[in-house]
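Reader: I'm new to this structure and a bit lost. Please pick one part, take a close look at it, and then follow the trail outward from there.

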Amino acid sequence: MTPPTIDKSKMNSTPADPQVSVIIPAYKVAPFIKATLDSVIAQTFSDYEIIVINDGSPDTEELEKHLKAYADRITYIQQANQGAGAARNAGLRVARGEFIAFLDGDDLWLPEFLHEQLVLINHGTGYDLVYADARNLNGPSLSRTTNMDVNPSAGPVTAESLISGKCTVITSSVVARRACIIEAGLFDENFPNSQDFDLWLRLAKLGARMNYQKKVLVHRRVYAGSLASNPLKSFAGEISVLEKTRRRSDLTRDEHTAILRTLNLRRATVEVFKGKQQLSEGEFDSALAAFRIANDHHHSLKLQLVIFGLQIAPRLLQRVHRLRAA
């Protein structure tokens with residue numbers, strides 16, 4: 001693995017260690033990085049450092065033009081492309097804060113984000129990780145529903161609730177204790193996607209205390225090419241993480257049952273996405289096979305109708321699907 005190179009001349013040099021280290025991986029986010037950094041600088045809480053990791057991005061020239069205006073405010077790290085997990089790990093290795101705040105290079109924090117999350121993480125006897133709600137930002141338009149409207153967080157945050165999807169964490173809303181992340185072994189760089197989900201599960205199994213608040217404190221950017229716009233990759237990554245977690249020897253019976261249930265659900269959902277793509281491309285036999293696999297799990301009337309349509313009028317179904325997608 002190629003170690004990151006750090007431009008010392010661009011390192012933020014505050015006299016005392018900051019309370020929070022903000023870690024921002026940057027890969028193909030040059031058009032958005034200025035707004036992202038401005039959302040950090042606009043925070044009502046100011047005791048933080050900003051670490052930007054250029055993960056071998058092909059838009060480095062444009063990215064660095066934007067970063068030049070923030071040279072005295074950030075620590076800038078460059079490394080060969082190794083993925084989001086490796087980029088965040090590079091930031092974690094130089095971070096000085098007691099707390100880590102993760103922010104993707106195309107997302108935005110609302111001004112009260114750090115203040116609100118620090119109040120929560122220090123509430124009562126304290127927590128090791130907290131997260132918040134978010135709205136999707138598509139161009140200039142904010143979604144009407146929030147992340148927790150679609151993916152609710154309910155009840156205590158445990159390994160079982162994370163596995164089963166009762167609690168869903170958005171990485172750009174996370175503030176966590178650096179010591180706990182170090183103890184957990186940082187991000188697993190073998191996962192191109194869902195390495196954050198893997199870390200949350202390992203933290204939970206270590207006994208980390210986690211909590212959330214249902215305040216919208218993040219705007220999560222969705223656009224062609226963003227991970228948020230590609231649920232198929234997200235589900236595939238989650239399946240890989242669950243397969244890894246399934247091999248642990250310290251799972252409870254409930255956790256093991258939850259893994260099997262969620263694996264079946266995610267695999268069926270992947271087949272639905274594959275079926276839709278194959279239907280759109282006119283691969284009717286493959287689409288039929290995918291929808292049948294999905295229906296074996298979901299037992300859905302809608303899927304049964306799609307299967308029936310593929311059997312009697314596949315081209316008509318294709319036209320209907322394309323019109324709906326448009």
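Author: Let's start with strand E2 (residues 20-26), which joins with helix H1 (residues 33-41) and strand E3 (residues 48-55) in a right-handed β-α-β unit. Right-handed here means that, with the strands pointing away from the viewer, the path from the first strand over the helix to the second runs clockwise. The names come from DSSP runs numbered from the N terminus: helices are H or I runs of at least four residues, strands are E runs of at least two.

Before going on, a word on ground rules: this is a predicted model, where local features need pLDDT of at least 70 and side-chain atom pairs count only at pLDDT 80 or more, while totals for chains, interfaces and linings use all residues. Residues are numbered from 1 along each chain as its sequence is written, and side-chain values use heavy atoms, with hydrogens and water left out.

Back to E2. Which strands does E2 pair with? One is E3, in the parallel sense, over seven bridges; another is strand E5 (residues 99-102), also parallel, over four bridges. (Strands pair if DSSP finds at least two bridges between them.) To find these pairings by eye, look for Val 22, whose bridge partner in E3 is Ile 50, and for Val 20, whose partner in E5 is Phe 99.

Is E2 covered or open? Seven of its seven residues are buried, where buried means under 20% relative accessible area, exposed over 50%, and partly exposed in between, using a 1.4 Å probe and protein chains only. In a regular strand, side chains alternate between the two faces of the sheet. In E2 both faces are covered: Val 20, Val 22, Ile 24 and Ala 26 are buried on one side, and Ser 21, Ile 23 and Pro 25 on the other.

Now step out of E2 into the loop that leads to H1, where you'll meet Lys 28. Most residues other than glycine have a negative phi. Lys 28 isn't a glycine, yet its phi is positive, near 55 degrees. At 48% relative accessibility, Lys 28 counts as partly exposed. His 299 also has a positive phi without being a glycine, at about 50 degrees; look for His 299 in the loop between helix H11 (284-298) and helix H12 (301-312). His 299 counts as exposed because its relative accessibility is 60%.

Next, the aromatic rings. A pair of them is described by the distance of the centres and the angle of the planes. Rings of Phe, Tyr and Trp (its six-membered ring) pair if their centres lie within 6.5 Å; planes under 30 degrees apart are stacked, over 60 edge-to-face, and the rest tilted. That rule gives six aromatic pairs. One of them joins Trp 109 and Phe 113, with centres 4.3 Å apart and planes at 15 degrees, so this pair is stacked. Trp 109 is buried at 4% relative accessibility, and Phe 113 is buried at 0%.

Phe 187 and Trp 200 make an edge-to-face pair, 6.3 Å centre to centre with 70 degrees between the planes. Phe 187 sits in the loop between helix H7 (178-184) and helix H8 (195-205) while Trp 200 is in H8, so the pair ties together parts that are 13 residues apart in sequence. Both are buried: Phe 187 at 3% and Trp 200 at 1%. And here the trail loops back toward E5, because Phe 102, Phe 187 and Trp 200 form one aromatic cluster. Phe 187 also has company from a charge: the charged end of Arg 88 sits over its ring, 5.5 Å from the centre. For that, CZ of Arg or NZ of Lys must be within 6 Å of the ring centre and within 35 degrees of the ring normal.

As for H8, 10 of its 11 residues are buried. After H8 comes Gly 207, with a positive phi near 95 degrees. Then look at Met 210, in strand E10 (residues 210-221). Met 210 is buried at 7% relative accessibility. Leaving out residues up to four places away in sequence, Met 210 touches Tyr 127, Leu 129, Val 157, Leu 162, Trp 200, Leu 203 and Ala 204; touching means heavy atoms within 4.5 Å.
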